[in-house]
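Reader: Could you pick one spot in the fold and walk me through what packs around it? I'd like one connected account rather than a list.

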Amino acid sequence: MMKLEAIIQPSRFESVKDALREIGIEGMTVTEVRGHGRQKGHTEVYRGREYTVDLLPKIKLEMVLPDTLVSRAVDTILKTAKTGKIGDGKIFLSRVEEAIRIRNEERGENAL
Amino acid sequence: MKCVGWKCSGSLVLVLAAILVAAVSLSAQQPPASTATPASSPATPEIPKALSDRLAQLEKDVKAAQSAGDNAWMLVSTALVLMMTGPGLALFYGGLVRRKNTLAIMMQSFALMALITILWALVGYSLCFGGSGPVIGSFEHAFLRGVGADPNPDYAGTIPQATFMVYQLMFAIITPALITGATAERMKFSGTVLFLTLWFLVVYAPLAHMVWGKGGFLNAAGGKFPCLDFAGGTVVHISSGVSALVCALYMGKRVGYPKQPMPPHSLVLSFIGACLLWVGWFGFNAGSALAASSLATSAFVATHFATAAAALGWSAAEWLKNGRASALGAISGAVAGLVAITPASGFVGPMPALAIGLIAGVLCYLMVTKVKAIFGYDDALDAFGVHGAGGTIGALLTGVFAQQVINPIFGSGKAVGGLDGHWSQVGNQLVGVLIAWGIALVGTIVLLKITDLIVGVRVPEEHEIEGLDITQHGEEAYNLES
């Protein structure tokens, strides 16, 4: 089992979600987050006072996948989340030790 | 029964109407100096008693009709001016603060709606409009004694004095509320309540009496220095704006200012608030005619035109400077225009109104963006930059642009403003401005000191960081999880 975390542009979220559903990924957790990597922020001016806004709104997707689905999921996200500009985000993969469904205590990939 | 009576007296009414029409057209043709009119000739004893009774009745009915019209407009205006404080100003200021201080700033405006109303009933109205002293009113109308259905001919001869009283109350509410823009995000609620109560009694009441009260020495009609202030440039905007500056200097900067970003938390709220202010201001300025008259229309038009020009002026200045015109800039410019036209609204036509608005829009933009940065004071929501500066500009420009064709306040045919040929009016305006500045400066310093000694004016630093909503009121504006 792998955990996939993807931080993407909010404008790409709907397409990414639909594309993931098409390859059979049903479950995911989505958070509205703020952050930045190499992308520079922008300045805002309120009554002459300038503010640099460098933490930009992003969407974070989290899902735990059976090993067989991981590479297809990564490809799908790469394809649908890319705009080609700085600020498109990142994907992080990490190994997951165990998964447990709270309702019936199923374990491992059955719990996904 | 009524119909039968009407038919019976039908012929009498016809005769009467013919006489009235003849009298009106004759007197209209006569020059006012002539005394040889048929109405004043000794032929009157011929009119039978029934006819003269009927005439008296008609005269009464005409007066009642005028009073009904004026009163309707003044009651609407009264409600419009209250709408400027809540929700207008509360939303305008509420959107400009950070989210943790939203309820606190709104609550300050709302508290004044209740507090000043009570003070007004006890002594406030009387101190502003009772008696005929040069500096302050009297206790003549304390507890609203003698304020009822009968008009007070000293102020508004066609509406119940109670209407005039409640209309003026709404001005007394918004004026101290404007000051809270400078003390925003760091003043104690208890300190705000005490300070603004004292401020209303010590600064607002005398100034309102001097400028608008019978016998007041700045009163445009008969004062020693006749200062033109149609709707409150000195009484409302200079007084609150200059006091706001004193408050900002006395209290010091907010924690983190100017290094830490403090952008407005919701310009949507501010936008709605500013639009409500624009609409409410028609009650403020056009209502100050105190009648549903052509002067009210003139003030309405001037108000609207100046506001539009000021919104454009601020936006254009911003566009030139930053390459973009912002929504906050446009609405701030509109408020600056509303402030500046306030004293002039009943004295100028639409073209001078455009000029006043444009000048105020650009100058207030410079006040808020440049002057504030140079001096470094933390007038959090620019109460001084907009109301103090805009009020001063408006008061002085009123002396330049006032026209006797709009409002012959010094008597028919007599020049009013500088461009009319009466340049010394600018001097009178300057006297009014200086006195308003002086009272606001001195009064505010003394009252802040007193407030500081009794309850304190500023919240502790950790409360300021946590936010005034929680620390002063025990609640939050946005409980997104509930």
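**Around one alanine in chain B**

Author: Once neighbours within four places in sequence are set aside, Ala344(B) is in contact with Phe230(B), Ala302(B), Ile356(B), Gly394(B), Leu397(B), Thr398(B), Phe401(B) and Ala402(B) (contact: C-beta atoms, placed from the backbone, within 7 Å). A quick word on ground rules: this is a predicted model, where local features need pLDDT of at least 70 and side-chain atom pairs count only at pLDDT 80 or more, while totals for chains, interfaces and linings use all residues. Residues are numbered from 1 along each chain as its sequence is written, with chains lettered from A and ligands numbered from 1 in the order in which they are written.

Ala344(B) belongs to the largest nonpolar core, a set of 149 residues, and is one of the members that touch the most others, along with Leu277(B), Ala306(B), Ala310(B), Ile356(B) and Cys364(B). (A core is a set of buried Ala, Val, Leu, Ile, Met, Phe, Trp, Tyr and Cys joined through C-beta atoms within 7 Å; buried is 20 or more other C-beta atoms within 10 Å, exposed 12 or fewer, partly exposed in between.) Helix α5 of chain B, residues 161-183, gives this core its largest share, 14 residues. A second core stands separate, with 12 residues including Leu20(A), Leu65(A), Ile77(A) and Ala81(A).

Two of those core residues, Ala306(B) and Ala310(B), bring us to a helix pair. Both sit in α9(B), where they are among the residues that meet α10(B), and so does Ala302(B), which we met as a contact of Ala344(B). (Helices are DSSP runs of H or I, at least four residues, strands runs of E, at least two, numbered from the N terminus.) The α10(B) side of this contact includes Gly329(B), Gly333(B), Gly337(B) and Ile341(B). Sorted by type, the residues of the contact of α9(B) with α10(B) come to 12 nonpolar, 8 polar and 1 charged (nonpolar: Ala, Val, Leu, Ile, Met, Phe, Trp, Tyr, Cys and Pro; charged: Asp, Glu, Lys and Arg; the others, Gly among them, polar). The axes of α9(B) and α10(B) are 7 Å apart at about 140°, which makes α9(B) oblique to α10(B). (Axes are lines fitted to C-alpha atoms over the stretch in contact, with angles from 0 to 180 degrees between N-to-C directions; under 35 is roughly parallel, over 145 roughly antiparallel, 65 to 115 roughly perpendicular, the rest oblique.)

Just ahead of α9(B) there's an oddity: Leu290(B), in the loop between α8 and α9 (294-322) of chain B, has a positive phi of about 60° without being a glycine. Leu290(B) counts as buried, with 22 C-beta neighbours inside 10 Å. Glu185(B) is a similar case, with a positive phi of about 75° though not a glycine, and its place is the loop between α5 and α6 of chain B. Glu185(B) is buried too, with 22 other C-beta atoms within 10 Å. The backbone also has a cis peptide bond between Tyr257(B) and Pro258(B), omega about 0°, with Pro258(B) in the loop between α7 and α8 of chain B.

Finally, α10(B) leads out to the other chain. The contact between chains takes 11 residues from chain B and 6 residues from chain A. On the chain B side, α10 (327-341) and α11 (350-375) each supply at least two residues, and α11(B) has the largest share, 3 residues. That side divides into 6 nonpolar, 4 polar and 1 charged.

How values were computed:
Two residues are in contact if their C-beta atoms, placed from the backbone, lie within 7 Å.
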